[in-house]
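Good morning. I will go through a few features of one structure, one after another. Please have it open in front of you.

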Amino acid sequence: MRIAVLLSAGRHSVSGRPAPVPVELQALRLAVDLANQCGGQSGCDVTGLHAGPELGPLADTLGHGLGHLVHLRTEGAADPAPALAAALEAGGYDLILAGRAGQGGEDAGLLPYTLARGLAWPILADAAGLAPGEAPGTLSVEQALGRGARRRLVVRLPALVTVHPAAPPPLPFAFAGLRRGRVEMREAPPAPAVAPEVEERAYRPRPKLIAKAAAGASALERLRAATEAASGGGRLLVDPAPDEAAREILAHLRALGLPTR
Amino acid sequence: MTDLALLLSFTVLAMVVIAGVLAARRARLWRVGRAAKVDWAAGLLALPKRYLVDVHHVVGRDAYAARMHALAAGGLLAGSGLALLGLIPALGDARLYWWLTALAFAAAFAGGGMVGRRRYPTKPARLSGGRFQLLPFLLAAYTGGGFLVALDASLGGALWPLGWAGLAVAALGGLGLALQIDRGPMRHAFAGAAHLVAHPRPGRFKGERATALAPLDLDAPRLGVALPEEFAFNRLIGFDACIQCGRCEVACPAFAAGQPLNPKRLIQDLAASLQPGGTNAAYAGSPYPNARPVAGIGGPGLPIVGEGAMIHPDTLWSCTTCRACVEECPMMIEHVDAILDLRRFQTLELGAMPARAAAPLMELRYADEPGGRPLTSRTDFAAGLTLPLISAKGEAEILLWLGEGAYELRYGRTLRALVTLLHKAKVDFAVLGAEERDCGDLARRLGDEAGFQRLAAENIATLSRYRFSRILTADPHALHALRNEYRAFGGTYEVVHHTAFLDELAAAGRLSIGALDQARITYHDPCYLGRYNGEVDAPRRLLDRLGIARLEMERSGKRSMCCGGGGGAPVSDIEGERRIPDIRMSQAAATGAGIVAVACPQCSSMLEGVTGARPAVHDIAELVLMAVEKADAAPARPVEVPA
Ligand code: SF4
Ligand code: SF4
């Protein structure tokens, strides 16, 4: 399986200094783990791809388990999508991984969708775990849903998958990996600058989603109101027998798709 | 010369030959190690002094052991030497000569008796069993037998039946001892001497503390140590020098806390992995507490760390780098250097640091601060106080290095006290503010030498832009890095710890100090101040100025016990049975003191984390401020009432 991981020029959330994006390092880890699982088979590799004017500290991804990093050098404000699309098309990859949305903030998280549309590949969002599917040429994806729920999906490759921050933490940085890894620089053909499609709308007050306790309610009631609104569903059992309670909990976990033995 | 004496001389000769062959075989193994710069001539010349003064200074802390060793080793060497020289006819024919020889053997026999007395009927836990339990018998046989032969020779053969019996046991015991030279207890004799000659930190014998870690060449083909052959050869000699006395084990805080580390076993595992086809099976001392299973096999070209090797990674990461083991080791072995060499490989080559240590190292890389906090908020603790910035002043007499503790609420109080005292004493000082990066101590102890070297270089570049005469810090880890470890990267500074500085101010009369009445205080020495930098007097002098009763803990000064906060141990967080700060706090409580005085942000947070009824924890700066405020509140001069 040939895997590409898209790496964007991030910034440290506090210091503001250039830094790799954490969720993309997590994607890299999923890729490396997956490549290790196909152990020994030829044609199993992970490539990092970055399109932008400078590599900066993205070279550090080589210390996080990446062996080969391709830098598609673009002009300052050029749109990275065409360069990436061309490289991905030419690369013959089976799987492309990206973060769900670079750093957050003003990052829209749309680039993976643009690329998937361009490649006419399926895209699957918010992976928290990856494993080879049972049938050859498929991938089993554990998708992160709200409130810690998980759903297992199987996609046919090639596919583009975005990774959720709930995925396992990045592989720790190893300085020697940085020295061992290979960086390849390619000039990307000139592309127009990104044209933000912004639409202006008048401000419209939106209904508050958090349930409100009656004014003057106690702190406990306010807390209950806030948490109950956020935790709909389920059944309320009062003083159940232990067996019954255990069965209910297991059933609920299964309904959420969590593995139970 | 009697025939028996001649045979004794030949026995000794045979022993020397056997021991020589075995020792040479072992010494050949050392040559697989990496090259190291060693001043052989100076080392050889200094050997007698290093042995008689430096080693015996350590051995002498246990008076029984010192007497035992002087008798056994001195008598054995003298007796054997004399017996050997007896082959020279002029000497061997003199009866008086054999008298002397008998005397030496008698002394050695007494020493051997003391060895036995220590191990039987019950062997202390810190001593190893196995071959070591045989040692007193071999010693007794050889020296007792030698004594009888020499006595007989001194009487001209009058006791020949006894002499014959003596010769038989002497030969048995002597050969037994000689055969132990490459693996058994006797190895420490020749490896120890070689270690003293080629010691990797010769400064230790010249009165230096010599505690800075050696910089790692980041362009080397492989970083750190994974295989025995990647240790410098003189480190390998050091491992072989271990006599398994267990003093390091007793001192080790991680061992006491039931974490899987025992410095003695660690050194033995390292020594065993040098042997081709080596295993850890022969070891007969205390194990690693709660040992994680390992295969226990090794060889010069086989990995040392890993579940399939000799040493489990958890063992490596349990160490707080407190150097208590090094301080106690009579063979002057450098445990911490070995642990750091191994950690460097794990971190730099494999990225295999403990899970929770990865995040702080990452934050350090992109934010210069292990908690990922903004550098600008390092000075937040001082809200409401005047904290001059050196970037505004350009120069200052004293540059105050705040350190990591500044971000903590508890330690912020200490720093506020220190800043208040500096203002009261009208000290011309300033801080770097947002320009101060982490000093790199944590990165370095976790094996991230690349991270440390980057931080050191950037801090040195920042410091070079300002003029100041001294750096003042309340953090002994920063003190050690700035004073001792930046030097290798071109940063030479005069760094003073706040306890020494406040003591100076008090001595010069720049602080008027009142008395903290009735307080009973015990002082906990930070490892990086006491053991690493030898500063144990100034904090005590300062405390004594406060009019308090100062009590000493069972372990104090350079032999103090660690709080558990160093070496990245809090982030590595290797599971044990107890917490190190709890042990230390119970030692403090045992003195009956109501206050433990500390002088380090790590100690402060570790000891403050102890739950239950316990003495209060205060940094010395806080205590000094209390005393100064007492003096301010009291009338400046007692009013003289005319009689
Ligand atoms: S390392 Fe040193 S202190 Fe520890 S057992 Fe060996 S000789 Fe004794
Ligand atoms: S440095 Fe301290 S914690 Fe580490 S092995 Fe030595 S005594 Fe134990």
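Arg73(A) and Glu187(A) form a salt bridge, and their closest N and O atoms are 3.0 Å apart. Bear in mind that this is a predicted model. Now find the two partners along the chain. Arg73(A) belongs to strand S5, residues 68-73 of chain A, while Glu187(A) belongs to strand S11, residues 182-187 of chain A. The two residues are 114 residues apart, so the pair links distant parts of the chain. For the whole structure, over all chains, the search finds 61 salt bridges.

Staying with chain A, look at the backbone. Which form does the peptide bond from Leu157(A) to Pro158(A) take? This bond is cis, and its omega is near 5°. Pro158(A) sits in the loop between strand S9 (150-156) and strand S10 (159-163) of chain A.

Another backbone feature in chain A is at Asp239(A). Its phi is near 50°, which is a positive value in a residue other than glycine. Asp239(A) is also in a loop, here between helix H5 (219-230) and helix H6 (242-255) of chain A.

Chain B has a cis peptide bond too, joining Tyr120(B) and Pro121(B), with omega about 0°. To find Pro121(B), go to the loop between helix H5 (95-119) and helix H6 (131-154) of chain B.

Now the helices of chain B. Take H1, residues 3-30, and H3, residues 63-85: their axes come within 8 Å and cross at roughly 115°. The crossing of H1(B) past H3(B) is left-handed. Which residues of H1(B) meet H3(B)? They are Leu8(B), Ser9(B), Val12(B), Leu13(B) and Val16(B), and on the H3(B) side they meet Ser80(B), Ala83(B) and Leu84(B). Of the residues in this contact, 6 are nonpolar, 2 are polar and none is charged.

H1(B) also takes part in a nonpolar patch on the surface. The members of the patch are Met1(B), Leu6(B), Leu7(B), Phe10(B), Leu13(B), Val17(B), Val21(B), Trp160(B) and Trp164(B), and together they have about 840 Å² of accessible area. Where do these residues come from? H1 and helix H7 (160-179) of chain B each supply at least two of them. H1(B) gives the largest share, 6 residues. Phe10(B), for one, lies in helix H1 of chain B. Leu13(B) is listed both in this patch and in the contact with H3(B).

Methods
Residues are numbered from 1 along each chain as its sequence is written. Chains are lettered from A and ligands numbered from 1 in the order in which they are written. This is a predicted model: local features need pLDDT of at least 70, side-chain atom pairs count only at pLDDT 80 or more; totals for chains, interfaces and linings use all residues. Side-chain values use heavy atoms; hydrogens and water are left out. Axes are lines fitted to C-alpha atoms, for helices over the stretch in contact, and angles run from 0 to 180 degrees between N-to-C directions. Helices (H or I, at least four residues) and strands (E, at least two) are DSSP runs, numbered from the N terminus. A crossing is left-handed if the near helix is turned anticlockwise from the far one by less than a right angle, and right-handed if clockwise. Contact means heavy atoms within 4.5 Å. Ala, Val, Leu, Ile, Met, Phe, Trp, Tyr, Cys and Pro count as nonpolar, Asp, Glu, Lys and Arg as charged, and the others, Gly among them, as polar. Patches are made of residues with over 30% relative accessible area and no salt bridge: like charges are joined within 9 Å, nonpolar side chains (Val, Leu, Ile, Met, Phe, Trp, Tyr) within 5 Å. Accessible areas come from the Shrake-Rupley method with a 1.4 Å probe; for residues, only the protein chains shown count as cover. A salt bridge is a side-chain nitrogen of Lys or Arg within 4 Å of a carboxyl oxygen of Asp or Glu.
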